[in-house]
Amino acid sequence: MSAVADEAAQLKGADRRNFLRKGFAVATAAAAGAVTPALASNKAPNLPEWTKTLGRGVVARPYGRPSDFTDLQRRTVPWLTASPESSISFSPLQDLKGIITPSGLHFERYHGGIPEVNPDEYQLMIHGLVERPLIFTLDDLMRMPSVTEIRFIECPANGGMEWKGAQMEALQFTHGMVSCSEWTGVRLSTLLAEVGVKAEGKWILAEGSDAAGMSRSIPIDKALDDALICYAQNGEPLRPEQGFPVRLMNPGWEGNTSVKWLRRLEVGDQPWYHREETSKYTDLMPDGRSRKFSFVQETNSVVTNPCPENPIQQKGFIEIEGLAWSGRGTIKAVDLSFDGGVTWQKAEVKGLALPKALTRFGFKTQWNGEPWLIQSRAIDETGYVQPTLAQLRGERGTNTIYHKNSIHTWNVHASGEVTNVQIT
Ligand SMILES: Nc1nc2c(c(=O)[nH]1)N[C@H]1C(S)=C(S)[C@@H](COP(=O)(O)O)O[C@H]1N2
Ligand SMILES: [Mo]
């Protein structure tokens, strides 16, 4: 018997003794899967190269960045848009853990490029149907009472390429227009109290200072509820991509309403019906008419492991994982199906389940090479159940690109490969 095999056999003996003492050792061993047995020869002086020289010192990178051995990337779909200034990059959901999207991987969506706003010259004007029209500088905003909340932002076009059929062979492209950060700022209601909204004030126009001058009409109820005038993301100033130095953040609502590089809020008595709330970001129904204002991002979920980018590597233990979110509030439950929605089992909600935030779920099981049609179905605190594709298409047809929150299916093949399919 070789030294290695001998050592492995000894370890097995030790494991067996442990097992006799503690019942749970079996589950642990099964969960570890095919892992190399420990070797005594792995100890000093047999050390890896990187242990034999000093590493990089503390000042080399005043602002840290991920290891050069990692490859985390926002990616684009080249044919989707005509120019990089009016385009979309998708978050690599397949590579992320937990619920927070690292700031550098937050999906990007803009219509006129990223403006370089000088924070020293920054101004937010609030006017219209108010008692005291005011201009706030960044310092003014930062002196006011702040709140910090973990919330997702999702473009209503997330999944838009899948309305007519399964098209994108990557989780990053089927669902990567959602991200989740910890946001800090001033409640819009606090600012509105400063300016004093007149009784006729029922809508607010939010206008960006980018070349697109993107603007949306926000109902006063949302403005007075949880809308945030936001200047920080994951503990540091907003990234330029996310609207530096200040964006509006409407938790749970279509990302489009969260106007970035915010320069002006005008209080009015009716909506403005600007481009991004009429010709765009409006759902075309089967009868040719459009749904007027569909603000809320409804309950959605997707399995992130396995997925096309994360095929199953070995038989035996696997923890299925995924993300669920609801613009209406907190995720209450997630069901999983392995047979395309015929039978369902309860998944476990892992870690924090916060309102209007990405919520991670998991499910521990075994895979023995059988084909799976794996689906997740999220249910939120209002009792809303994520619809099937057939239900959603029944209501909205296929001539739209927005608000596709239907149950998604991954086909796990006997090889462990995963492909994107639709069950209708
Ligand atoms: N000023 C301005 N705000 C904007 C946009 C824009 O083009 N200009 N794009 C909107 C759209 S369509 C979305 S989905 C979100 C995306 O936010 P993110 O880039 O921080 O992910 O920002 C919104 N806010
Ligand atoms: Mo969007």
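A cavity here is a set of grid points, over the protein atoms alone, where a 1.4 Å probe fits but cannot get out, and its lining residues have an atom within 4 Å of a point. Keep that in mind. It is the idea behind this whole talk.

One caution before we start. The model you see is predicted.

How many cavities of 30 Å³ or more are there? The count comes to four. I will take two of them, the largest and the second largest.

Start with the largest. Its volume is about 230 Å³. Its lining has 20 residues, and those closest to its centre are Arg109, Arg247, Gly255, Ser258 and Lys260. By class, that lining splits into eight nonpolar, seven polar and five charged residues. Which element gives the largest share of the lining? Strand β2 does, with three residues.

What takes up this space? Ligand 1 does: the space it takes is the largest cavity.

So much for the space. Now the ligand itself. Around ligand 1 there are 20 residues. Phe107, His111, Asp210, Lys260 and Tyr281 come nearest. Lys260 deserves a second look. It is one of the residues nearest ligand 1, and it is also among the lining residues closest to the centre of the largest cavity.

Strand β2 comes up again here. It covers residues 108-110, and it gives the most to the shell around ligand 1, with three residues. The shell by class: seven nonpolar, seven polar and six charged residues.

Next, the polar contacts. Here are three that involve oxygen atoms of ligand 1. At Phe107 the partner is a backbone N or O atom, 2.7 Å from a ligand oxygen. At His111 the side chain supplies the N or O atom, and the distance is 2.6 Å. Arg247 also uses a side-chain N or O atom, at 2.8 Å from an oxygen of ligand 1. How much of the ligand's accessible area does the protein cover? On its own, ligand 1 has 530 Å² of accessible area, and the protein covers 100% of that.

Last stop: the second largest cavity. It holds about 70 Å³ of space. Which residues line it? The list is Glu154, Asn158, Arg291, Gln297, Glu298, Asn300, Arg396, His403, Lys404 and Asn405. Look at the classes in that list. Five are polar, five are charged, and none is nonpolar. Set that beside the largest cavity, where eight lining residues are nonpolar.

To close, here are the two to find on your screen. The largest cavity is the space taken by ligand 1. The second largest has a lining with no nonpolar residues.

Definitions and conventions:
Residues are numbered from 1 along each chain as its sequence is written. Chains are lettered from A and ligands numbered from 1 in the order in which they are written. This is a predicted model: local features need pLDDT of at least 70, side-chain atom pairs count only at pLDDT 80 or more; totals for chains, interfaces and linings use all residues. Side-chain values use heavy atoms; hydrogens and water are left out. A residue is near a molecule or strand if one of its heavy atoms lies within 4 Å of it. A polar contact is a pair of N or O atoms within 3.5 Å; within protein, one must be able to donate a hydrogen and the other to accept it, and residues adjacent in sequence count only if both atoms are side-chain atoms. Accessible areas come from the Shrake-Rupley method with a 1.4 Å probe; for residues, only the protein chains shown count as cover. On a 1 Å grid over the protein atoms alone, a cavity is a set of points where a 1.4 Å probe fits but cannot get out, and a pocket is an open set with protein on both sides within 12 Å along at least five of seven lines; lining residues have an atom within 4 Å of a point. A molecule sits in a cavity or pocket if more than half of its atoms lie within 2 Å of its grid points. Helices (H or I, at least four residues) and strands (E, at least two) are DSSP runs, numbered from the N terminus. Ala, Val, Leu, Ile, Met, Phe, Trp, Tyr, Cys and Pro count as nonpolar, Asp, Glu, Lys and Arg as charged, and the others, Gly among them, as polar. Grid points are joined across faces, edges and corners, and a volume is the space filled by probe spheres set on the points.
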